[in-house]
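Visitor: I should like to learn how to read the contacts around a ligand and the packing of two helices. Where should one begin?

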Amino acid sequence: MEENGARDVVIIGTGPAGLTAAIYTGRANLSPLVVDGGQPGGQLMITSEIENYPGFPEGIRGPEMMGRFREQAARFGAEFAHGNVAEVDLSRSPFCVCLEDGKEILTQTLIIATGANAKWLGLPSEEKYRGRGVSACATCDAFFFKDSEVFVVGGGDTAMEEALFLTRFASKITVVHRREEFRASRIMSLRVEKNRKISLELNRVVDEILGDKQKVTGIRLKNVKTGELSEYPCDGVFVAIGHAPNSKIFEGQLDIDEYGYIETAKASTETSVQGVFACGDVQDYTYRQAVTAAGSGCMAALDAERYLESVR
Ligand code: NDP
């Protein structure tokens with residue numbers, strides 16, 4: 001803690017990126033304060049079994065894994081503050097982080113690990129069957145759909161990528177898109193169109209995801225031109241209509257790209273403001289994995305540590 005009451009490090013976000021940053025800055029004796037945010041534990045709290053995080057050969061459930069990350073951070077002296085950040089002032093150092101309950105925290109460095117959220121269609125059935133056939137991440141969940149029939153919703157590069165990835169597991173993939181033309185790059189669309197395992201349902205939107213209360217059993221599509229409804233049996237629905245990074249409170253203060261991702265320097269977590277670092281899904285639309293988020297959380301901690309040494 002500085003004489004002016006400022007902390008060395010404040011971390012916003014408690015997904016794999018934020019908590020890894022907390023473990024590293026904690027072990028470096030920087031007594032990090034970690035602000036939970038609206039969804040403590042991040043996106044892994046709503047995923048099914050995690051089978052691809054190294055070190056867990058049997059797999060591990062998301063909430064248990066995040067509980068372990070948190071315990072490890074606490075062991076090295078991380079403190080936790082609950083609640084959302086209402087606003088930040090990055091115009092001068094120490095930076096000010098203002099919580100929704102009015103509490104203001106001053107800090108020499110700020111690590112932003114606020115993550116991103118998959119966009120959802122907004123159907124109640126989609127929420128009901130999330131983790132039981134409905135997913136927003138093929139890399140995470142495709143493995144559970146071996147020899148199954150699945151639908152992928154969306155017409156951008158993410159949808160194309162998810163559909164192509166699913167061809168390794170599922171027996172049949174149908175891409176549903178609300179228009180005639182894909183938004184995705186030509187090369188990705190062509191790969192999808194040429195793949196014999198993939199069929200297309202264009203000019204269609206999802207009217208309902210059908211299930212037997214336990215899991216997904218089918219999907220009802222609506223033709224946007226004729227209004228006609230048609231039902232298809234399936235085992236899974238992958239919603240791939242984009243991601244929304246949680247960067248709103250930093251707008252106007254940090255460089256943010258046209259999709260809302262915080263811009264960081266190449267091979268670093270430095271943002272456009274010295275002393276402010278960003279890691280995990282809020283700055284990464286390419287990989288979006290727990291292990292890459294954790295890796296970038298480690299990078300942010302080391303970057304913050306070096307920055308603090310340089311200004312002292
Ligand atoms: P995009 O915003 O590019 O595409 C979203 C798609 O979902 C669009 O086709 C859109 O339809 C559709 N959509 C949006 N909302 C709804 C809705 N409510 N109901 C039905 N359909 C909906 O997001 P992506 O995640 O695909 O891509 C984001 C960025 O990341 C892009 O720049 C992309 O190129 C990049 N990316 C690159 C990859 C690569 O190069 N390998 C892989 C993945 C992403 P419509 O077209 O009608 O608006």
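Guide: A polar contact is a pair of N or O atoms within 3.5 Å; within protein, one must be able to donate a hydrogen and the other to accept it, and residues adjacent in sequence count only if both atoms are side-chain atoms. Here, a polar side-chain atom of Glu161 lies 3.0 Å from a nitrogen atom of the ligand. Oxygen atoms of the ligand are approached by Arg178, with a polar side-chain atom at 2.9 Å, and by Arg183, whose side chain has an N or O atom at 2.6 Å. Taken alone, the ligand exposes 910 Å², of which the protein buries 73%; such areas come from the Shrake-Rupley method with a 1.4 Å probe, and for residues only the protein chains shown count as cover.

Visitor: On what basis do these values rest?

Guide: This is a predicted model, in which local features need pLDDT of at least 70 and side-chain atom pairs count only at pLDDT 80 or more, while totals for chains, interfaces and linings use all residues. Residues are numbered from 1 along each chain as its sequence is written, and side-chain values use heavy atoms, with hydrogens and water left out.

Visitor: How is the angle between two packed helices described?

Guide: Two packed helices are described by the angle between their axes and the distance between the axes. Axes are lines fitted to C-alpha atoms, for helices over the stretch in contact, and angles run from 0 to 180 degrees between N-to-C directions. Helices are DSSP runs (H or I, at least four residues), numbered from the N terminus. The axes of H1 (residues 16-27) and H2 (residues 62-75) come within 8 Å and cross at roughly 25 degrees. H1 and H2 are therefore roughly parallel to each other, a term for angles under 35 degrees.

Conventions: Helices (H or I, at least four residues) and strands (E, at least two) are DSSP runs, numbered from the N terminus. Angles under 35 degrees count as roughly parallel, over 145 as roughly antiparallel, 65 to 115 as roughly perpendicular and the rest as oblique.
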